[in-house]
Every structure is written in structure tokens, then in C-alpha cells.
Amino acid sequence: MKLLNLIAFYTLLISGISHTMKMPESRLIQIQKLQTKKYLFNQEQNYFLRIAEIDHTIENNRVKNQQEQSLSPVENITNNKLKLSTIEKLLREKEKQQTLELFKQCGLNEQETQNSINSIQKSYEQYIKFISTHFSTQITENNQSIPHIDIVEKRLNERGFFNDRLSITVKDLKNYTASLKCGCSWDDGAWDDKSLNNIELTLTINPEIINNEHLKSILLHETEHIIEAHPLKTSLITLLVQYFTKNNSIDINKLKEYKDICITHEEEAEVFSAISKPEYASLMRKNRQYSFYSGMLYHSHYEQLAQIDEIHKMIAFLEEHIKRQTNQK
Ligand SMILES: [Zn+2]
């Protein structure tokens, strides 16, 4: 074999090897992708199966629960209202614990953690003050009109927020139905003394959901994120971790503890408005009966929404019962 041929042979051999090495790898990726797709499909199937079971159990128990009342109707209403406020209290407590857990995971000491929690609380209070003292409500829609958009303003007003800084736009968001951005600026000074002095909120709606029959609950979901200052809280958490760890090496987006907080925010966005009004509870429940929020909300979330919806229905049943009794007298 001549030298030139030998080189050609080796080149061929190397390219041959690299070719055969590449083949199973790309096939592996293909299989992984298919498995992920299958996994997501199975997860979705499982979700709908589980919520059908939950609904079935609830249907079976509803009449029984209405008949087996050991307390008086008035006491029962009080009891049910207490159940609603307990759900809210527990969810808020869970968010607080998860935030503490994240700071601990990022290496913040006790003092730094306490300072961070105080900063979040202080900024949250300033945020609430800011958005509840702007009285001229103006929602700007660009290009396209959004059906049921008045529900955003209605819900904000119910919570005492009259916001003139919320702009609503319609834009293609690829995989998302809606997104919420909160732009804030702080006064100069040490971290603890920083105060919010400007808030700009932008809600972007994907045109694909304009005709969605669950648009009302999607809008309510986003409005609750505004009320609860979720975008502000997550930005603050990131800033505080960067500030106390003095570098950017911690990518908190990759931490399980951070993801847990984001999931809780998603839960809160639906649970809090469901607690506030029977109408919202049934809207939220119906939406989750038909749409699976992959990676975020699962059947246990649906169970909670269904539970809230059922509590509202029970209260309505008891109030009706009291009314009937009063009319008979
Ligand atoms: Zn959300």
C-alpha cells in the first residue's frame, strides 16, 4: 500500500468509525424524544383519568354530605368559610417555607435570610400601596380587542386595586398562553432601604387563546399573579440571592427549590380567585377539567379547586335552606 493510499484508508476508517459512532447516538436522541413525548402523553392521559375519578367521588358524596349535617345550617356555613380561609392560609405558609428553603439552599445565613424575607415583605407592601393608589383605570389593548377583558379590571377592583399602569397586548408567545411582566424601579440606597417608586405591568395574551372558551379563567389567572405580585417576588428572590452570594454563579432557575416556588405561584393564581367567589371557582375548575398544565399543575391541584368549588356550592345550598325555612315561618 502506498503512503497516499494508506492515508486515504485511515481517513476512510476514521470517518467510517465516526459515522457508525454517530448513528446510534442520533437514534438514541430520537428514541429519547419519542419517549419524552410518550411520557408527556401518558402524563396527560393520567391527569385526565385522575380528575375523572375525583369528579366521580365528589358526585357520589355531594348528596350524602348535604344530608348528613350534624351542625346547624348557620354553624355549617361558618365552618365552610373557615375551610376556605384555611386553604388560603396553608398555601401562603407553603410559599413562605419554600422561599426559606431556597435561601438556605443558596447558602444565605440566618441573618441574610431574615433580611431577604423582610425586603420581600416590604417591597410587596409598597407594591400593594402603589397599585391601590392609582385611581384612573386604563387598560390598553393593542391591535386586537380581547373578549371578557373587563374581568381583569373587575377582579383588580374587587381587591381594591385601581391600576392605570397595566397595558394589555396581544402577541404570539409561541408555547405560552399569556405572560406577565412587572417592571420596577427602586430609589438609591442600601438594599433594605430601597423603595419601589415605579411599577409598570404588561400582560401579553397569545392571539391563539382569544377565542378559547376558557379565556375568562386564563385572564383571572393572570390577574391573580398581578394581585399577588408574583413577577415582583421572583425577580426579588433572584436579585437577593445574587446580592448575598456576591456572584452570579448560582443559576436559581435550575434549583428545585425555585421551581417549587414557581409552582406554588401557579397554584395561588387559581386557588385564591376560586376562594374569593363561587363564580370564579367554577370557572377555574372547568378550565382544569379540560386543560392540563404540564410541568406545573397536576391532579392534586385540580382536587383542591374542586374542593373549593364544592364548598361554595355547599354554602349556597345551606343559605338556600335557611331562606326556605325563614319563608315557611
Ligand atoms: Zn401563571
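Here are legends for a set of close-up views of this predicted model.

**View 1. The whole chain, for orientation.** Before zooming in, here's the overall layout: the chain has nine helices and four strands. Reading from the N terminus, the elements go α-α-α-β-α-β-β-β-α-α-α-α-α. Of the 329 residues, 23% count as buried. Take the contacts between residues at least 6 apart in sequence, and 80% of them join residues at least 24 apart.

**View 2. Helix H3 against helix H6.** Here we've got H3 (residues 110-132) packing with H6 (residues 230-245) at an angle of about 150°, and the axes sit 10 Å apart. The crossing of H3 past H6 is right-handed. On the H3 side, look for Glu112, Ser116, Ser119, Ile120, Ser123, Tyr124 and Tyr127; they meet Leu232, Lys233, Leu236, Leu240 and Phe244 of H6. Sorted by class, the residues of this contact come out as seven nonpolar, three polar and two charged.

**View 3. Helix H2 against helix H3.** Now for the other H3 pairing shown in this set. H2 (residues 73-105) and H3 have axes that come within 10 Å and cross at roughly 140°. That angle is why the two helices, H2 and H3, count as oblique to each other. Again the crossing is right-handed, this time with H2 passing H3. H2 brings Thr99, Leu100, Phe103 and Lys104 to the contact, while H3 brings Thr113, Ser116 and Ile117. The class tally for H2 with H3 is three nonpolar, three polar and one charged. If Ser116 rings a bell, that's fair enough: Ser116 of H3 is also listed in the contact with H6.

**View 4. Helix H5, tucked inside.** H5 covers residues 215-227, so to speak a 13-residue helix, and reaches 18 Å from its first C-alpha to its last, close to the 18 Å expected at 1.5 Å a residue. Because 13 of its 13 residues are buried, H5 is largely enclosed by the rest of the structure. Just past the helix, check the backbone at Ala229: this residue follows H5 and has a positive phi, near 55°.

**View 5. Ser282 in helix H8.** Ser282 is part of H8 (residues 278-290). Ser282 has 17 C-beta neighbours inside 10 Å, so this residue counts as partly exposed. Also worth a look is Ala306: Ser282 and Ala306 are 24 residues apart in sequence, and their C-alpha atoms are 8.1 Å apart in space.

Methods. Residues are numbered from 1 along each chain as its sequence is written. This is a predicted model: local features need pLDDT of at least 70, side-chain atom pairs count only at pLDDT 80 or more; totals for chains, interfaces and linings use all residues. Axes are lines fitted to C-alpha atoms, for helices over the stretch in contact, and angles run from 0 to 180 degrees between N-to-C directions. A crossing is left-handed if the near helix is turned anticlockwise from the far one by less than a right angle, and right-handed if clockwise. Two residues are in contact if their C-beta atoms, placed from the backbone, lie within 7 Å. Ala, Val, Leu, Ile, Met, Phe, Trp, Tyr, Cys and Pro count as nonpolar, Asp, Glu, Lys and Arg as charged, and the others, Gly among them, as polar. Angles under 35 degrees count as roughly parallel, over 145 as roughly antiparallel, 65 to 115 as roughly perpendicular and the rest as oblique. A residue is buried if 20 or more other C-beta atoms lie within 10 Å of its own, exposed if 12 or fewer, and partly exposed in between; C-beta atoms are placed from the backbone. The expected span of a helix is 1.5 Å times one less than its number of residues.
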